[in-house]
Amino acid sequence: MGFKLSTHSYQIIFNGSAINIIDLDNHEMIAKFKDLKFAYRGMLNPNKNTFVAKSNDGVLAIYSLDSMTLISKYKKRGIRSPQDGDFCFGPQGSFLNLEYNPKTLLSSVVVHDDVTLEEKCRYFETEHFVLNTVEYDNQKEMFYIIGFERLCPTNPRDSQNEYFEMFFDGSQIIQKDKITFKRYGYLCYLKNTLRWHPEYVHS
């Protein structure tokens, strides 16, 4: 089975060892990509006829649904830990990836080009953030991020955390609000278990 994405014409199936493209007219497989290992998730680009795939070892890949080919591939050197952080497309050719640092146990927001995957910039490397989800809010025209801040940076495994939701415009934090651990867990559940419903999040 595996994770699935769907367009009007195709179904994209991620099973960890390959990405299969199924033509919905005749239900036949028309493409099979084996460029990534452990790729269980992806996302359609709302601005182009492409999609991104992310593997658990931190490799990103962009594929074209027009030519059914791999366009670009990216992996940051030195990243060996599981990289199952969230990701999303934004406006003006941007793609945001939540990257986890295995040494500090903290997260960064990495902005890539949504075609070449060239790394444009990084944010929050000096903060003590652990980021769980990122989504682009079309109404506010900003990125919505859920995470927490480690209040004891000298002991990253300490349980004293401050949970938050924030709006990020692609270069700076516009709004950051504290939330309870219960709300944090609820929002993460909506994102990671159910389909994302913005009306639930921003109510």
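**A sheet and its aromatic neighbours**

Strands β5 and β6 (residues 50-55) run antiparallel to each other and pair over five bridges. Keep in mind as you look around that this model is predicted. Its mean pLDDT is 86, with 87% of the residues at 70 or more. Residues 195-203 fall below 50 in pLDDT, although this stretch still has 18 contacts in the model beyond near neighbours in sequence. Where pLDDT is low, the predicted coordinates should not be read in detail.

**The open sheet**
- Four strands make up this antiparallel sheet, in the order β5-β6-β7-β8.
- Because β5 (39-44) and β8 (69-74) each have a single partner strand, they stand at the edges, with one side lacking a neighbour in the sheet.
- On average, neighbouring strands here are turned by 25° against each other, direction ignored.
- Across from Met43 you will find Val52 in β6.

**Aromatic pairs**
- The count of aromatic pairs is 17.
- Tyr123 and Phe168 meet edge-to-face, 5.2 Å centre to centre and with 70° between the planes.
- Tyr123 is in β12 (residues 119-123) and Phe168 in β15 (residues 161-168), so their pair ties together parts 45 residues apart in sequence.
- Both rings belong to buried residues: Tyr123 has 18% relative accessibility, and Phe168 has 0%.
- Tyr144 and Phe167 form a tilted pair, with 5.4 Å between centres and 55° between planes.
- Phe3, Phe14, Phe33, Phe51 and Tyr63 are linked into a cluster by ring pairs.

**Charges over rings**
- Lys140 places its charged end over the ring of Phe167, 5.1 Å from the centre.
- Lys176 lies over the face of Phe164, 4.8 Å from the ring centre.

Notes
Residues numbered from 1 in each chain as written. Predicted model: local features only at pLDDT ≥ 70, side-chain atom pairs only at ≥ 80, totals over all residues. Heavy atoms only, no water. pLDDT = per-residue confidence, 0-100. Contact = heavy atoms within 4.5 Å. Pairing = 2+ DSSP bridges. Helix = DSSP H or I, 4+ residues; strand = E, 2+ residues; numbered from the N terminus. Axes fitted to C-alpha atoms, helices over the stretch in contact; angles between N-to-C directions. Phe/Tyr/Trp six-rings, centres within 6.5 Å; stacked < 30°, edge-to-face > 60°. Buried < 20%, exposed > 50% of the residue type's maximum accessible area, 1.4 Å probe, protein only. Lys NZ or Arg CZ within 6 Å of the ring centre and 35° of its normal.
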